[in-house]
Amino acid sequence: MLLVGGGVAATILVRSGGESKAPEPEAADASVIAQRTEPEVVRYGDVAVVDACTVMPAALLEEVGFRDAAHGWHSQTYVPRSVPVADATVKDESDAISTCLYESMAEGGIERFTLSVRQSPFNGMESAGYQGKEDTPVTAAGLKGFVRQGLKADSFDASLLSADGRAEVNLGASRMSNVKEITDPKATFMKLLEGVAANLAKGAQGRTTHVHTGRYGSVPNACDVLSSQRFQEFTNGKDSGVVEADFYERETFDRFGDAVFYSSPQECRRLSPEWFSAGQRSQGKALKIALRTYRDAGMAIEDAQDCNPDSPSRKVTGEAVMSSEKIGDFAACSFLVGDSPTLSFVAGRTQVRLTGYGDWAPDEPKAQVVAFTPIAQKIADDVRKAIG
């Protein structure tokens, strides 16, 4: 395999006995994603949305002693921009309007923190403030709620109700003692809960999203690439206004022999309003885009091997169906990820994967290649323009 530029020093180290040694790769960038909070509050119809990652920002986790989790994998559900009243059709839903998850990506890291926000009328609030048998009443920053022990001594869950009773947050923390400095997990959890409560008590305080930094500074959020307008165009349906997104603060890398390929992955999934109703989910429409942007196009050529029949990934995901039309820069194909056909291609320095969910999307790769080719061709152009 050719060594493509951008990440590996070319110098060969020579030992005293004359034996050559392959150079160690340079360290991956530790922070290529950063949280950014926009001060303007977004609204879902008449609801001023309380954003989960604004209530529990990475800075709060770091403050209570969980730096690796604060700067690892971030997953969130949020409302990126206000939804007009006429389009805010989701009501009495059980899935939270906003969620925020942090998990350590450090070697051996297993600590995880989640926060979900439920708000009326988007969410049904019938069980808000309910005390279970194992719950202990608690008051934090003037807000009332409950705390319960998790399955292990270093895991806890808690719920808090806003002062007006129209918003409830649920906080979960697991495997906290994996961080050796944490000697009293419960006290640490209560400190985290106090910070969450203080932020919730302020009400809606804008929304938090994630932006690329450093050498990836020009890369847009995947939810901007798969815009609401594009989603509606592709699916011929409405956009609910709620998105699901995943980001990895640390740069990832693949190594083959002496070659190292560095990249920054991210995902976004958009959903139609019907997706939130169990009775109508089969009529719902969802589309996910996964972007893996490399340091340069050469690394993408060498490492993005989804559609190479001889690549190791083919042994994992099975046989791929190749596209007969040009999509992106090289070969494009569809294969199963779980039960869902996924179309993959490369545009510039980015590998793109598209997965559709619901009855509108084909359920086998051969049909998906045909149906998704026009979608993928437009996304390829969007990616080239946005990222290069």
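## Strands, pockets and two residues

Modeller: Strand 17 is largely enclosed by the rest of the structure, because seven of its nine residues are buried. This is a predicted model, where local features need pLDDT of at least 70, side-chain atom pairs count only at pLDDT 80 or more, and totals for chains, interfaces and linings use all residues. Residues are numbered from 1 along each chain as its sequence is written, and side-chain values use heavy atoms, with hydrogens and water left out.

Biologist: What makes a residue buried?

Modeller: A residue is buried under 20% relative accessible area, exposed over 50% and partly exposed in between (1.4 Å probe, protein chains only). Strands here are DSSP runs of E, at least two residues long, and helices are runs of H or I, at least four long; both are numbered from the N terminus.

Biologist: Which strand does strand 17 pair with over eight bridges?

Modeller: That is strand 21, and the sense is antiparallel. There, Lys-288 stands opposite Thr-355. Strand 16 also runs antiparallel to strand 17, joined to it by nine bridges. One of the partnerships is Gln-266 with Leu-291 of strand 17. Two strands pair if DSSP finds at least two bridges between them.

Biologist: What is the volume of the largest pocket?

Modeller: About 630 Å³. Of its 29 lining residues, the closest to the centre are Arg-292, Asp-306, Ser-313, Gln-351 and Arg-353. Strands 15, 16, 17, 20 and 21 and helices 7 and 8 each give two or more residues to the lining. Strand 17 gives the most, with five.

Biologist: What makes a set of points a pocket?

Modeller: It is an open set on a 1 Å grid over the protein atoms alone, with protein on both sides within 12 Å along at least five of seven lines. A lining residue has an atom within 4 Å of a point. The volume is the space filled by probe spheres set on the points, which are joined across faces, edges and corners.

Biologist: Which residues lie nearest the centre of the second largest pocket?

Modeller: Val-50, Gln-119, Ser-162, Asp-164 and Ala-167, out of 16 that line it. The volume of this pocket is about 240 Å³. Gln-119 and Ala-167 also stand opposite each other, with Ala-167 in strand 12. Strand 8 and strand 12 pair in the antiparallel sense over eight bridges.

Biologist: Why is strand 8 called largely enclosed?

Modeller: Six of its eight residues are buried, so the rest of the structure largely encloses strand 8. Strand 7 pairs with strand 8 too, antiparallel, over six bridges.

Biologist: Why does Pro-121 count as partly exposed?

Modeller: Its relative accessibility is 34%. That falls between the buried and exposed limits, so partly exposed is the right label. Pro-121 sits in the loop between strand 8 and strand 9. Neighbours within four places in sequence aside, Pro-121 is in contact (heavy atoms within 4.5 Å) with Val-47, Val-90, Lys-91, Asp-92 and Arg-166.

Biologist: How do you know that Thr-188 is buried?

Modeller: The relative accessible area of Thr-188 is 14%. That is under the buried limit, so Thr-188 qualifies. Thr-188 lies in helix 4. Apart from neighbours within four places in sequence, Thr-188 is in contact with Val-64, Phe-66 and Ile-182.

Biologist: What lies 3.0 Å from a polar atom of the Thr-188 side chain?

Modeller: The backbone oxygen of Asp-184.

Key
On a 1 Å grid over the protein atoms alone, a cavity is a set of points where a 1.4 Å probe fits but cannot get out, and a pocket is an open set with protein on both sides within 12 Å along at least five of seven lines; lining residues have an atom within 4 Å of a point. A polar contact is a pair of N or O atoms within 3.5 Å; within protein, one must be able to donate a hydrogen and the other to accept it, and residues adjacent in sequence count only if both atoms are side-chain atoms.
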